[in-house]
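User: Could you take me through one part of this model at close range? I'd like to see what surrounds a single buried side chain, and then how that part sits in the whole.

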There are 2 protein chains.
Amino acid sequence: MNLLAPLPDAGAGERIDALLTRPGLRIERIVSHGQPSPPGFWYDQSEAEWVMVLVGAARLRFQEESEDRVLGPGDCLDIAPHRRHRVDWTDPSAATVWLAVFYPCDPP
Amino acid sequence: MNLLAPLPDAGAGERIDALLTRPGLRIERIVSHGQPSPPGFWYDQSEAEWVMVLVGAARLRFQEESEDRVLGPGDCLDIAPHRRHRVDWTDPSAATVWLAVFYPCDPP
């Protein structure tokens with residue numbers, strides 16, 4: 001299986017494909033094509049998420065930060081559970097492909 | 001953090017960096033530069049491994065198969081625990097960068 005070709009057409013909306021689903025682990029490919037998160041929307045997830053950009057360009061914003069994180073190929077981030085964030089921008093001229101690994105919150 | 005730049009010099013040996021270590025989950029970046037697995041060596045891992053090639057070119061062999069799997073950017077594989085495999089070849093002219101997600105074997 002190849003994650004970069006063929007790419008689904010994400011022009012009409014973000015496309016999410018589960019690549020691996022196991023107890024306590026989910027790996028997804030997310031393909032965006034210019035879609036930001038809806039205005040005023042913040043992800044507030046119970047799971048932790050390690051995410052990287054495979055292809056493309058995006059700007060991710062953490063609610064407690066004043067500026068976007070600018071992300072390109074190879075950039076990765078670990079997002080703690082309930083750390084509110086949104087995608088402020090993805091490149092409208094080409095696909096942005098994310099690899100996301102969701103895993104349970106550490107025990108407190 | 002960026003996984004593609006700068007890359008460590010793997011000319012003298014494969015380089016492995018742990019990107020995330022959590023109970024039941026380990027994400028690693030592996031950089032190869034022409035190194036195959038040692039002759040006759042087979043990985044025989046107690047963990048499952050989901051792996052993808054980010055950059056470069058490699059040939060991976062499962063012991064029970066008669067031919068190598070030819071892998072390039074975006075190619076991914078899920079390797080079950082104890083499924084014996086080896087890396088028969090990586091591109092000697094440039095770095096091959098792997099992303100590997102290790103996770104526990106499913107309960108039987």
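Analyst: Happy to; what follows starts at one threonine and works outward to the chain and then to the pair of chains. Please keep in mind throughout that this is a predicted model.

Let's begin with T90(A), which sits in strand β7 of chain A. Is T90(A) buried or exposed? With a relative accessible area of 1%, T90(A) counts as buried, because the cut-off for that word is under 20%. Its side chain is engaged with backbone on another stretch of the chain. A polar atom of the T90(A) side chain lies 2.9 Å from the backbone nitrogen of G34(A). The side chain of T90(A) also reaches the backbone nitrogen of Q35(A), this time at 3.1 Å. Both distances fall within the 3.5 Å limit for a polar contact, so each of the two pairs can be read in that way.

Which residues make up the rest of the setting of T90(A), once neighbours within four places in sequence are left aside? The contacts of T90(A) are S32(A), H33(A), G34(A), Q35(A), A57(A), A58(A), T96(A) and W98(A). The run from S32(A) to Q35(A) therefore includes both of the residues whose backbone nitrogens were named above.

We can look at the corresponding place from the other side by turning to chain B. There, S32(B) belongs to strand β2, which covers residues 25-32. S32(B) is buried too, with a relative accessible area of 0%. The side chain of S32(B) makes a polar contact with the side chain of E14(B), at 3.1 Å. Beyond its neighbours within four places in sequence, S32(B) is in contact with A10(B), E14(B), T90(B), A94(B), A95(B), T96(B) and W98(B). T90(B) is on that list, just as S32(A) is among the contacts of T90(A).

Now let's step back to chain A as a whole. Its secondary structure comes to 0 helices and 8 strands, and along the sequence the pattern reads β-β-β-β-β-β-β-β. Of the contacts in chain A with a separation of 6 or more, 63% are between residues 24 or more positions apart. Buried residues make up 44% of the 108 in chain A, T90(A) being one that meets the criterion. For a compact globule of 108 residues one would expect a radius of gyration near 13 Å, and the 14 Å of chain A agrees with that. Taken along the principal axes, the C-alpha atoms of chain A fill a box of roughly 40 × 35 × 25 Å. The accessible surface of chain A is about 5200 Å², with 55% of that belonging to carbon and sulfur atoms.

How are the two chains related? A rotation of 180 degrees, with 0.0 Å of shift along its axis, superposes chain A on chain B at an RMSD of 0.0 Å. That is the relation of a two-fold axis. The same surface serves both copies, since 100% of the contact residues of chain A recur in chain B.

A few backbone details are worth checking in your viewer. The peptide bond from A5(A) to P6(A) is cis, with omega near -10 degrees, and P6(A) is found in the segment before β1 (15-22) of chain A. In chain B, a cis peptide bond joins A5(B) and P6(B), with omega about -5 degrees; P6(B) lies in the segment before β1 of chain B. H82(A) has a positive phi of about 65 degrees although it is not a glycine, and H82(A) lies in the loop between β6 (76-79) and β7 (85-90) of chain A. That loop leads towards the strand that holds T90(A). H82(B) likewise has a positive phi of about 65 degrees, in the loop between β6 and β7 of chain B.

Finally, the cysteines. How many disulfides are there over all chains? The count comes to 0. C76(A) is in no disulfide, and the nearest cysteine sulfur, that of C76(B), is 18 Å away. Why is there no bond to the sulfur of C76(B)? Because its closest cysteine sulfur, in C76(A), is 18 Å off, which is too far for a bond. Both residues are buried: C76(A) has a relative accessible area of 8%, and C76(B) has 7%.

Methods: Residues numbered from 1 in each chain as written. Chains lettered and ligands numbered in written order. Predicted model: local features only at pLDDT ≥ 70, side-chain atom pairs only at ≥ 80, totals over all residues. Heavy atoms only, no water. Helix = DSSP H or I, 4+ residues; strand = E, 2+ residues; numbered from the N terminus. Least-squares fit on C-alpha atoms with pLDDT ≥ 70 in both. Contact = heavy atoms within 4.5 Å. Buried < 20%, exposed > 50% of the residue type's maximum accessible area, 1.4 Å probe, protein only. Polar contact = N/O pair within 3.5 Å; in protein donor to acceptor, adjacent residues only side chain to side chain. Disulfide = S-S within 2.5 Å. Rg over C-alpha atoms; globule rule 2.2 N^0.38 Å. Areas by Shrake-Rupley, 256 points an atom, 1.4 Å probe, with all protein chains shown as cover.
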